[in-house]
Amino acid sequence: MPAPEREAIEVAQDSALVEALRAGDERAFLDLVGRLHGGLVRFALGFVRTQTAAEDVVQDAWAAVLQGIDRFEGRCTLRSWILGIVANLARTRAVGDRRSVPLSALQPDDERAVEASEFLPDTHSRWAGHWARWPEPWPDQCLLSRETMQHVREAIDRLPQGQRAVIQLRDVEGCTAEEVCEALGLSEVNQRVLLHRARSRVRKEIARHFQGSKP
Amino acid sequence: MSRALPEDLDCIVAVEQVTDYIEGAMPLQARTRFEQHLCYCPACMIYLRQIKAQIGVSALLAEHKPPPEEVTRKLLQFFRASRRG
Amino acid sequence: MIAWKFLAPGRIAPFTGVQWSASEWLEARSLPGTGIHACALEDVPYWFDEELWRVELSGSISREERQIVAGRGRLLARVEGWPSAAAEFTRACVERTRSRAVDALQAAGRIEDADALREERNLDRLQKAAAALAEDGSVVSGYLFDAIRRRQCPGLCAYVAANAAAVGGLRAHDRERAAQVAWLFDRLGLEKA
């Protein structure tokens, strides 16, 4: 189903949920918490240092959600609104904890998806700009091994903050582009650039992992 | 000369378009040229498949664990308090 | 209108993953910029895949760069000769590229090299000879090497042949692509729609 249609359905389902929350429906609240909490903590971990800090941030976020629920206008999905609250609290907490900005966050503006060295140089008489060697297809089942999945998890966690936030929400949590732009205060183009760079870095890690484990 | 026609993509350019392509954020002409490139470039087709496979695996990382008991209890207290006020 | 369409095995559209019904009409979603994509005869060498189908298009039809876009389409019949003719097709691309390499070598005064290339019957030896000549500065021989090396992949081989021709200019490029179309037209019995 295309994203705008999925989003329309979610927004419609949201309004029923928001009404239930406003009316004090505990089951609705616990259901929501059950669905989102794990993902919110994982998301918050992209900003703060520790699991404990992430848990704290998310609990504070739930409190803020409950305080603000009467004012929620439903212009975006409930999830994206909650994610935005988590992001803001997490960023504030990170500044407070004086979490150092990793060197990897200082990126050049023209980060390439694939290093230029993987392609033939301009001096090649026939295939300048084409792959110097074809990438190795990844064995289908191998991606699903626990080991590989752990590598993907770690590769995502090692990304610079902005890239990690976008790929975590888009590819892991399955949020729409609109939700991510709303939650992180990004333009559509910026969101896409971050997603592109994030996916490219993770892909590089996976390729290296398969390369390394070849007999 | 490295390509038959000026509008043909080089791989180094094509790999930068992969995200826009998967997102459906390309106008028809650009999308056609990208797909054209895939038709004569098995290497870039492999690359695109890798990215798609990676996206598929990423979705499996989503966490569905509900919070621990004591957190749930605390949140329920927040909820009741917020509805009272 | 009648057109041609390549699908991945199992009638799967190569880019959307949508499976085509064996006979039912497929509607394009009513979003701008999407539609049923198909080939006119002259587009065919640009879109190779496993299955080649004769299709019928209807609804709003527009001619776009390298393809036809339509509001709806349905499969009519599978072209029997594809992909079994793929090896012959790429062989023909190789042979035309060989001629171009021979001509280029002759034009460069390398008569012995040209003759040797023309006479070589064995494909592996031809590939090696072409590689050596490429090292020695003959770009078209380099394309011949590439065409032989990539003869398992019709899309790439056709592209290589087009590139080899393009060394001689745009008209030569267009003639090569036309030759590819003519080959497919003759060999597979694709009528001009």
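**Exercise 1. Locate C:Arg66 in the chain and describe its backbone and its surroundings.**

Solution. C:Arg66 sits in the loop between β4 (51–64) and β5 of chain C, where strands (E, at least two residues) and helices (H or I, at least four) are DSSP runs numbered from the N terminus. This is a predicted model, in which local features need pLDDT of at least 70, side-chain atom pairs count only at pLDDT 80 or more, and totals for chains, interfaces and linings use all residues. Residues are numbered from 1 along each chain as its sequence is written, while chains are lettered from A and ligands numbered from 1 in the order in which they are written. Next comes the backbone: C:Arg66 is not a glycine, yet its phi is positive, at about 65°. Finally, 19 other C-beta atoms lie within 10 Å of C:Arg66, which is therefore partly exposed; a residue with 20 or more such neighbours is buried, one with 12 or fewer is exposed, and one in between is partly exposed, with C-beta atoms placed from the backbone.

**Exercise 2. Carry out the analysis for C:Arg11.**

Solution. Begin with the position, which is the loop between β1 (2–7) and β2 (26–27) of chain C. The phi of C:Arg11 is positive, about 65°, although the residue is not a glycine. With 16 other C-beta atoms within 10 Å, C:Arg11 is partly exposed.

**Exercise 3. Work out how chain C is divided, and how its domains touch.**

Solution. Start from the order of elements, which from the N terminus on reads β-β-β-β-β-α-α-α-α-α-α, giving 6 helices and 5 strands. Chain C is then divided into domain 1 (2–78) and domain 2 (86–188), with bounds that come from an automatic or database domain assignment. The centres of the two domains of chain C, taken over C-alpha atoms, are separated by 30 Å. For the contact, meaning C-beta atoms, placed from the backbone, within 7 Å, 5 residues of domain 1 of chain C meet 8 residues of domain 2 of chain C. The side of domain 1 that touches domain 2 in chain C has 4 nonpolar, no polar and 1 charged residues, where Ala, Val, Leu, Ile, Met, Phe, Trp, Tyr, Cys and Pro count as nonpolar, Asp, Glu, Lys and Arg as charged, and the others, Gly among them, as polar.

**Exercise 4. Find the cis peptide bond between C:Trp82 and C:Pro83 and place it.**

Solution. The bond joining C:Trp82 and C:Pro83 is cis, with omega about 10°. C:Pro83 belongs to the loop between β5 (67–78) and α1 (86–107) of chain C.

Notes: Contact = placed C-beta atoms within 7 Å.
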